[in-house]
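User: I'm a first-year student and I'd like a close look at the nonpolar core of this model. Please keep it relaxed, and tell me how the core relates to the rest of the chain.

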Amino acid sequence: MRISKALVIAAAVMGGALGALSIGAAVAQSTSSPVLVLNLQKLRQDAPAWADMNTKLRLVVEQKTTEFRTQNTAAAQAVETEGRALQPLVAGQTQAQIFANAALKTRVETQVRRERDLQQKQQLFEYSVRATSEAADRQLLALLDPIVDQIMTQRGAVVVLDQSQIAKARPAIEITADAATRFNAANPRAPQPVWTPVTIAPQDAGQPKGAKK
């Protein structure tokens with residue numbers, strides 16, 4: 001079963017063991033319901049592992065930002081210098097006049113290519129930061145997944161809904177505290193996030209879907 005960020009969490013469960021975290025009979029006999037509710041946002045806020053992941057992510061991004069600036073500073077400075085040099089040469093001229101001067105045309109076209117290259121690199125770096133953050137969140141959700149499975153098995157549930165998707169629910173089917181307790185016990189710290197480089201801009205620029213290898 002996969003847990004999405006804010007959508008229905010569903011799985012068909014038929015008996016079986018209680019899983020790696022052994023749970024007593026009293027818990028196993030808790031309120032039975034085919035539908036349970038999980039406040040995933042609150043669990044993220046309260047779980048030390050998510051806070052730990054944010055700290056680790058910040059360090060990774062800072063390191064990659066330093067590397068990015070080091071690799072591109074010289075090119076950025078060259079583009080800036082050439083831009084200042086070209087300003088008085090193209091001032092007041094039409095595109096046709098500029099293109100009539102072969103040497104000037106070449107310089108302008110080269111400058112435009114270099115500017116676009118730097119802009120693309122910056123954009124891909126920003127996509128990579130977001131893709132890395134999203135991948136880190138999925139790492140933690142993957143650790144939460146079997147814990148939710150355990151609770152579903154114990155309560156005879158077949159569906160878990162994220163609280164953001166429902167207007168009201170009885171307290172008896174709320175499993176956030178239970179899931180958080182088990183998750184925190186099993187995962188006091190987060191795994192190390194992995195940098196996810198994006199080398200091709202995703203079709204939907206607002207939703208980078210990961211690296212292209």
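Analyst: What follows begins with the chain as a whole, goes into the core, and then looks at some other spots.

A few ground rules: this is a predicted model, where local features need pLDDT of at least 70 and side-chain atom pairs count only at pLDDT 80 or more, while totals for chains, interfaces and linings use all residues. Residues are numbered from 1 along each chain as its sequence is written, and side-chain values use heavy atoms, leaving out hydrogens and water.

Start with the overall layout. The chain has six helices and three strands, where helices are DSSP runs of H or I with at least four residues, strands are E runs of at least two, and both are numbered from the N terminus. If you walk along the sequence, the order is β-α-β-α-α-α-α-β-α. There are 213 residues, and 33% of them are buried. Buried means under 20% relative accessible area, exposed means over 50%, and partly exposed is in between, using a 1.4 Å probe on protein chains only. Among contacts with a separation of 6 or more, 83% join residues 24 or more positions apart. A contact here means heavy atoms within 4.5 Å.

Now for the part you asked about. A nonpolar core is a set of buried Ala, Val, Leu, Ile, Met, Phe, Trp, Tyr and Cys residues, joined through side-chain atoms within 4.5 Å. The largest one here has 26 members, and L38, L43, L144 and F183 are the ones that touch the most other members. At least two core residues come from each of β2 (35–38), α2 (40–46), α3 (48–90), α5 (102–155) and α6 (176–186). Helix α5 makes the largest contribution, eight residues.

F183 is a good one to zoom in on. Setting aside residues up to four places away in sequence, F183 touches L43, A47, A49, W50, L140, L143, L144 and I147. Two names on that list, L43 and L144, should ring a bell from the group with the most core neighbours.

Next, have a look at T176, which also lies in α6. T176 counts as buried because its relative accessibility is 6%. With residues up to four places away left out, T176 touches V37, L38, N39, K42 and L43. The T176 side chain also comes to 2.7 Å from the backbone nitrogen of N39. That kind of pairing is a polar contact: N or O atoms within 3.5 Å, where within protein one must be able to donate a hydrogen and the other to accept it, and residues adjacent in sequence count only if both atoms are side-chain atoms.

Let's move to α3, one of the helices that feed the core. This helix has a kink of about 50 degrees centred on N72. The bend at a residue is the angle between axes fitted to the seven residues ending there and the seven starting there. N72 is buried, because its relative accessible area is 9%. The side chain of N72 reaches back to the backbone oxygen of F68, at 2.8 Å. Beyond its neighbours up to four places away, N72 touches L118 and K121. After α3 comes G92, which has a positive phi near 80 degrees.

Two more places show parts of the chain meeting across long stretches of sequence. P34 sits in the loop between α1 (25–28) and β2. Ignoring neighbours within four places, P34 is in contact with G156, A157, V158 and V159. For P34 and V159, the C-alpha atoms are 6.4 Å apart, though 125 residues separate them in sequence. V159 belongs to strand β3 (residues 159–162), and V159 counts as partly exposed because its relative accessibility is 21%. The C-alpha of V159 is also 9.2 Å from that of S33, and these two are 126 residues apart along the chain.

Last stop: I200, in the segment after α6. Here the setting is exposed, because I200 has a relative accessible area of 53%. I200 and Q120 are 80 residues apart in sequence, while their C-alpha atoms are 9.5 Å apart in space.

To go back to your core: keep L38, L43, L144 and F183 on screen, since these touch the most other members, and then colour α5, which supplies eight of the core residues.
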